[in-house]
Amino acid sequence: MKDAKQPRRADESGVMDPFPHMHPLLKKNYGQWDWHDRPRPGVLHHVATSGDEVWTVRAGTQRQMDVHTIRKLCDIADEFADGHLRFTTRSNVEFMLTSQDKTGPLIERLNGAGFPVGGTGNSVSMISHTQGWLHCDIPGTDASGVVKALMDELHHEFTHEEMPNRVRITTSCCQINCGGQGDIAINVQYTKPPKINHDVVANVCERPAVVARCPVAAIRPAMVNGKPSLEIDETKCICCGACYPPCPPMQINGPDSTKLAVWVGGKHSNARSKPTFHKLVVAGLPNNTGLAFTRHHIDDWRGARSSLNASTHIHF
Amino acid sequence: MSKRPHETPLLDQLEDGPWPSFVSGLKQLASDNDKPYANMMKDLLGQLEHSYETRMGYWKGGTVSVFGYGGGVIPRFSEVAEDYPESSEFHTLRVQPPAGLHYSTELLRNMCDVWEKHGSGLIALHGQSGDIMFQGCSTDNVQKAFDDLNKMGMDMGGAGPALRTAMSCVGHARCEQSCYDEVRVHRKIINGLLDEMHRPALPYKFKFKFSGCPNDCVNSIHRADFAVIGIWRDNIQIDQKKVKEHVGRVGRKQMIDTVIAHCPTRALSLNDDDTLDIDNSSCVRCMHCINVMTKALSPGKERGATILIGGKRSLKIGDQMGTVIIPFMPLETDEDLDRLFELAETVIDFFAESALEHERIGETIDRIGLSNFLEGIGVDVDPNMVRHPRTSSYVRTDDWDEQAQKWFQRKDATVE
């Protein structure tokens, strides 16, 4: 008997070599850069020890891009930037130019094509975000739509450098916080324990794994209506949603229980102070009346006492 | 056969405003009626609108992979497929980009051609781990899409309990502050450990990130299980003539307010002749003064990297940052890189053997204590690993002399 056609065996090539794709001037001066400055918002100017200069124009994108948008960026790169471009970790696109004269026309071209130029220096850069309703299996909200709406509002702050320092915003669609730490983080905060569909738990969920996943040991195996299922100690539950990925019948998200919280003061860089985590400002959004200090601002997780004030350093 | 598009009044609102709209992009794809993905994107828009109406997500996971690999595909099956049948399977292929996210337009156009043929036409550049996310593929087309991408020299990224796709900053390619060759180190480490990426067998995910300096532009302390951050251990390089030019340009007040006063360890002093005095033994290499005075100051000449281990997001014990494990290691020669690779391999092996299921390495360290972790990976203690020494007196010290002896022996060994 003839075997069915074997699928192709992958070439396990790993991380792609960037040098064939890197702008020739960056390749030529690799590891040999001397200094940089920012001639205007959205433009970086780097000078190599060889004397070579490169001007980088940075523009915002929608991250989730259709092939037409990507080809539009390619057309622009072919026209202005020798057929090369790169992306930043915050989904901004960068075009490297060999002459300053090209920056003005490129900026005009990008603006004309709907890509805002900015995101450098003391601006609000593009929001780093997650997948949301478009693709995630456990989201409390959408990500791309939230970010689009916010960046529409922050357009001026992206295209100008008018902040006291860099501002990095993140969003996350659940408390797992895939969006990461930010100067400002806008994250989903669930407010109710999961609703369990006991009819399907036994078939869908590996129950011991779900029990082990709970950060506060609030889940235990139980027989419900004669079926093996799980039950939750709702007084212990912190509504984090950690049980939902391994056990989708433990529905955590819902229109009545998915709220937003705003956190501030996260920082990635080691510049000046050490990196920090963002801190809670306000939860329960929308339907929030203003900024209140509540019992929920006081951390009660492990190590929390180190966040308490043990001094007479008081602000009046 | 082209479908009629769903009404999407809520999504339509996301087409206004100055920021580029992903909804306009999705609609454009849905209207490409001569393309195989048009109907899929019509139903995708319908399901997304349904999410906006009901404020709920409707995707569930499953198992989809390509031949020979156990990971890299994020399967998504619709829970409302009866209403949106064409996008009932909407899987993502996570593909590793060129290190540093450099692209030729040729590569990007080829990616678009493949994804137009086999996928949805929607590509996210990039995901939080640094993957190219080819979003929206039927189960039948996953292998075909991967084959074509793989033939172009692209390989699958990580997903599930495995080594994940790594990220490196722009670094050497366009940054004067870069302290090691990020591309070389990134490719050396990840390509040496590919088996852990393609055939998931670890307790949980494991992420590397490579930043060229302490500005940490790829957020490795927060995000990476294993962060490699460029640093130097000699003196900051200083060009006093350019310091004077800087002071001349911005004025003394601004120089003092924005540079001198911001030094976290008060290692800077402005001399009467407008040159700069740096107490390098007090400097913690935070980068601030170098960031402000890019012409006058630069990292020292003796460069390498600091390694921090254990950064992660909230699940399960809360967000954690990485902890210093190696304060400094040179990354110049092949032997230097071999040493880093050996460390990476040792840590991964320790993780595979010692972590509980679904536990990140930072949680393992939290559970067993740093000293036990160090013993497990064969690394000696160092004062740079702690913010301050122990404050609790509840510690048994009857082997003090023996422990102290180890320190003195190491000291003697480094002097020789």
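**Entry 1. Domains of chain A**

I looked up the domain assignment of chain A, which gives domain 1 (19-112), domain 2 (132-191 + 256-298) and domain 3 (195-237); such bounds come from an automatic or database domain assignment. Between domain 2 of chain A and domain 3 of chain A, I read a distance of 30 Å from C-alpha centre to C-alpha centre.

I note that this is a predicted model, in which local features need pLDDT of at least 70 and side-chain atom pairs count only at pLDDT 80 or more, while totals for chains, interfaces and linings use all residues. Residues are numbered from 1 along each chain as its sequence is written, and chains are lettered from A and ligands numbered from 1 in the order in which they are written.

**Entry 2. Helix α3 of chain A**

I then turned to helix α3 (residues 103-112) of chain A, where Thr103(A), Leu106(A), Ile107(A) and Leu110(A) are buried. They lie on the same side of α3(A), because the arc they cover around the axis is only 100°; the arc is that of the directions from the helix axis to the C-beta atoms. I take a residue as buried if 20 or more other C-beta atoms lie within 10 Å of its own, as exposed if 12 or fewer do, and as partly exposed in between, with C-beta atoms placed from the backbone. Helices (H or I, at least four residues) and strands (E, at least two) are DSSP runs, numbered from the N terminus.

The buried residues of α3(A) pack against β2 (43-48), β3 (53-59), α2 and β6 (93-97) of chain A. On the face turned away from the buried side I found the exposed residues Gly104(A), Pro105(A), Glu108(A) and Gly112(A). After α3(A) comes Gly114(A), with a positive phi near 90°.

**Entry 3. The contact between the chains**

I recorded 89 residues of chain A in contact with 97 residues of chain B, where contact requires C-beta atoms, placed from the backbone, within 7 Å. On the side of chain A that touches chain B, β1 (33-40), β4 (64-66), α2, β5 (84-87) and α4 (144-153) each supply at least two residues. The most comes from α2(A), with eight residues. By class, I noted 37 nonpolar, 34 polar and 18 charged residues on this side of chain A. Here Ala, Val, Leu, Ile, Met, Phe, Trp, Tyr, Cys and Pro count as nonpolar, Asp, Glu, Lys and Arg as charged, and the others, Gly among them, as polar.

I also found strand pairing across the chains: β5(A) and strand β5 (residues 102-104) of chain B are antiparallel over three bridges, and Leu85(A) stands opposite Tyr103(B). Two strands pair if DSSP finds at least two bridges between them.

**Entry 4. A sheet with strands of both chains**

I traced an open sheet of five strands in the order β4(A)-β6(B)-β7(B)-β4(B)-β2(B), with antiparallel pairing. At its edges stand β4 of chain A and β2 (73-74) of chain B, each with a single partner strand, so one side of each has no neighbour in the sheet.

β4(A) is joined to β6(B) by three bridges, and Gln64(A) faces Ala124(B) there. Strand β6 (residues 122-125) of chain B is covered on both faces, with Leu122(B) and Ala124(B) buried on one side and Ile123(B) and Leu125(B) buried on the other. Four bridges link β6(B) to strand β7 (residues 132-135) of chain B, where Ile123(B) has Phe134(B) as its bridge partner. In the hairpin of these two strands, with six residues between them, Gly130(B) takes a positive phi near 100°.

At the other edge, β2(B) pairs with strand β4 (residues 92-95) of chain B over two bridges, and Val73(B) stands opposite Leu93(B).

**Entry 5. Nonpolar cores**

I looked up the largest nonpolar core, which has 143 residues; those that touch the most other members are Val57(A), Phe95(A), Leu97(A), Leu26(B), Ile123(B), Phe134(B) and Ala145(B). Helix α2 (residues 67-80) of chain A gives the most to this core, with seven residues. A nonpolar core is a set of buried Ala, Val, Leu, Ile, Met, Phe, Trp, Tyr and Cys residues joined through C-beta atoms within 7 Å.

Leaving out residues up to four places away in sequence, I listed Asp66(A), Met41(B), Leu44(B), Leu45(B) and Leu122(B) as touching Leu26(B). Another core, of 36 residues, lies apart from the largest one and includes Val188(A), Cys205(A), Cys240(A) and Ala242(A).

Terms used:
Two residues are in contact if their C-beta atoms, placed from the backbone, lie within 7 Å.
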